[in-house]
Amino acid sequence: MATTTHFSTKDRILGAAEELFAQFGFAGTSLRQVTSRADVNIAAVNYHFGSKENLVNEVFRRRMDDMSRQRIDALKAATTQHPGELEPILAAFVEPALALAQDRHGGGAFVRVVARAYAEKNDTLRKFLSDHYGHVLREFAKAIAGCVPGLSKEELYWRLDFLAGALTYAMADFGLIKRPAGVGEKAHRERCARELIRFAAAGFKS
């Protein structure tokens, strides 16, 4: 029973922090707000996370660890089953992120947190993300480079950066294309992925 309580408290804190960071940003959210939303005391936050900075990092880790594993697994499958083909590699990058955005258990809030990370200059968070997930981008860069050998390393990383930005925009669902009536979320996400992959492939090949 104690173990269940332990994880329940930690998850409540992470969920509350994610919602508040999405709404108010990192600088605009206090630990007092987090404890109030999670219905815990400050000692619980200190016990599980130690500091607000580490709490921010763990909000990202909770989502990014799974997504990164899915991306790497899909990338390995793509390069094994479709050697030399660009689109399956791009699908391995795009599809897990769009699936996360549609996750009913806080996926939407996390997308807004990602948008906050882009908007706010948080060097500590950027270093955390680079240190823990930079290897994923490097693996994709290496795989893409094998499909477009004419691109310089600088051009490759520019275009991968553009893809990441377009993907974040698509995850946030801020665009002109809205899900039509009668079309389910899964079908709409799959259409979004197909169109983004085609667009990105043309960009890498140009």
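**Close-up 1. F162 and W158, an aromatic pair on helix α8.** At 54% relative accessibility, F162 counts as exposed, since the bar for that label is over 50%. Bear in mind for this and every other view that the model is predicted. W158 has a relative accessible area of 49%, so this residue ends up as partly exposed. Both W158 and F162 belong to helix α8, which spans residues 153–172, and they sit four residues apart, or about one turn of the helix. Their rings make a tilted aromatic pair, with 5.7 Å centre to centre and 35° between the planes.

**Close-up 2. F93 meets F140 across two helices.** Here's another of the aromatic pairs, of which a search of the whole structure turns up six. The ring centres of F93 and F140 are 5.2 Å apart and the planes stand at 70°, so this one is edge-to-face. F93 comes from helix α5 (residues 86–101) and F140 from helix α7 (residues 123–147), so the pair ties together parts that are 47 residues apart in sequence. Both partners, F93 and F140, are buried. F93 has company from a charge as well: the charged end of R71 sits over its ring, 3.9 Å from the centre.

**Close-up 3. A cluster of phenylalanines.** Zoom in on F21, F26, F60 and F110 and you'll find that they form one aromatic cluster.

**Close-up 4. R61 on helix α4.** R61 is part of helix α4, which covers residues 52–81. Is R61 buried or partly exposed? With a relative accessible area of 26%, R61 goes down as partly exposed, because buried would take a value under 20%. Its side chain makes a polar contact of 2.9 Å with the side chain of E58. Which residues does R61 touch once those up to four places away in sequence are set aside? They are F128, H132 and Y133. Take H132: along the chain, 71 residues separate H132 from R61, yet their C-alpha atoms are 8.7 Å apart.

**Close-up 5. S68, a buried serine on helix α4.** Stay on helix α4 and you come to S68. Its relative accessible area is 7%, so S68 is buried. Apart from neighbours within four places in sequence, S68 is in contact with Y133 and V136. Y133 may ring a bell from the previous view, where R61 touches Y133 too.

Technical notes. Residues are numbered from 1 along each chain as its sequence is written. This is a predicted model: local features need pLDDT of at least 70, side-chain atom pairs count only at pLDDT 80 or more; totals for chains, interfaces and linings use all residues. Side-chain values use heavy atoms; hydrogens and water are left out. Buried means under 20% relative accessible area, exposed over 50%, partly exposed in between (1.4 Å probe, protein chains only). Contact means heavy atoms within 4.5 Å. A polar contact is a pair of N or O atoms within 3.5 Å; within protein, one must be able to donate a hydrogen and the other to accept it, and residues adjacent in sequence count only if both atoms are side-chain atoms. Rings of Phe, Tyr and Trp (its six-membered ring) pair if their centres lie within 6.5 Å; planes under 30 degrees apart count as stacked, over 60 as edge-to-face and the rest as tilted. A charge sits over a ring if NZ of Lys or CZ of Arg is within 6 Å of the ring centre and within 35 degrees of the ring normal.
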